[in-house]
Amino acid sequence: MKEWILNGVKAYGTLYLSTLWGIWKSRNGLVFEELDKPVWEIVYSAISFATVIQRSLASPHTVRDPVLVRWEAPGGSNFALNIDGSVMGNKAGFGGLVRNSAGEWLMGFFGHLDDKDILFTELMAILRGLQLCWDKDIRNIQCWSVSKTAVTLILRGVSHFHKYANF
């Protein structure tokens, strides 16, 4: 690691790292999204972030046994469709991938939306993923989503007055 970084960390600790992070985020915002943040906002964010880090490190933590989690291939003649949606600020997008019964990647997809509603984004991810599978003649599909609300709406159905009943 560069000496100037190590010296800064030794002298200023988390505030130094938070400031570097804030400058990096601001630079990327300016380059990629044309967001020009004022200096006071970068400084305020760095101080807030450093405070959160210091408080979290100072408070006692309970260490739990790790829970190992892994993805399981669907097996048999089934295919797995894994999807997810995300909304951040004024951007919304979704994506997913399809794997065969051995867990091997077959294809992926993504999309962007103007609607900034996370439920709509998750539902569109499921719809687009299922449409892609159907178009590729894949029928035995296990669809995996972390959106409990979207899955519940699909499994239980909704009134035709629901906001997304006929999208």
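Which residue of S2 is the bridge partner of Met88? I started my notebook with that small puzzle, and the answer is Lys91. A reminder to myself before going on: this is a predicted model.

**Entry 1: the first hairpin.** I looked up the two strands around that pair. S1 covers residues 79–88 and S2 covers residues 91–99. The two run antiparallel, and I noted nine bridges joining them. Two residues lie between the strands of this hairpin. Gly89 has a positive phi there, near 60°.

**Entry 2: the second hairpin.** Next I followed S2 to its other partner, S3, which spans residues 105–113. S2 and S3 are antiparallel as well, with eight bridges between them. I picked out one pair to look at: Val98 has Met107 in S3 as its bridge partner. Here the hairpin has five residues between its strands, and Gly103 is the residue I noted with a positive phi, near 90°.

**Entry 3: the core.** Which residues have the most contacts inside the largest nonpolar core? I found Ile83, Phe94, Val98 and Leu113, in a core of 18 residues. I then checked which elements supply it: S1, S2, S3 and helix H4 (118–135) each give two or more residues. H4 provides the largest share, with seven residues. I jotted a general remark beside this: nonpolar side chains tend to be buried together in soluble globular proteins.

**Entry 4: around Ile83.** I chose Ile83 from that core and listed its neighbours, leaving out residues up to four places away in sequence. Ile83 touches Gly95, Gly96 and Phe109, and also Glu122, Ala125 and Ile126. Trp144 and Ser145 complete the list.

**Entry 5: the whole chain.** Stepping back, I counted five helices and four strands. Along the sequence, their order reads α-α-α-β-β-β-α-β-α. Is the chain more spread out than a compact globule, or not, and why? The radius of gyration is 22 Å, well over the 15 Å that the globule rule gives for 167 residues, so the chain is more spread out than a compact globule. I also wrote down the span of the C-alpha trace along its principal axes, about 60 × 40 × 30 Å.

**Entry 6: surface and contacts.** Of the 167 residues, 26% are buried. The accessible surface of the chain is about 12600 Å², and carbon and sulfur atoms account for 60% of that surface. My last look was at contacts between residues at least 6 apart in sequence: 53% of these join residues at least 24 apart.

Key:
Residues are numbered from 1 along each chain as its sequence is written. This is a predicted model: local features need pLDDT of at least 70, side-chain atom pairs count only at pLDDT 80 or more; totals for chains, interfaces and linings use all residues. Side-chain values use heavy atoms; hydrogens and water are left out. Two strands pair if DSSP finds at least two bridges between them. A nonpolar core is a set of buried Ala, Val, Leu, Ile, Met, Phe, Trp, Tyr and Cys residues joined through side-chain atoms within 4.5 Å. Buried means under 20% relative accessible area, exposed over 50%, partly exposed in between (1.4 Å probe, protein chains only). Contact means heavy atoms within 4.5 Å. The radius of gyration is taken over C-alpha atoms; the globule rule is 2.2 Å times the number of residues to the power 0.38. Accessible areas come from the Shrake-Rupley method with a 1.4 Å probe; for residues, only the protein chains shown count as cover.
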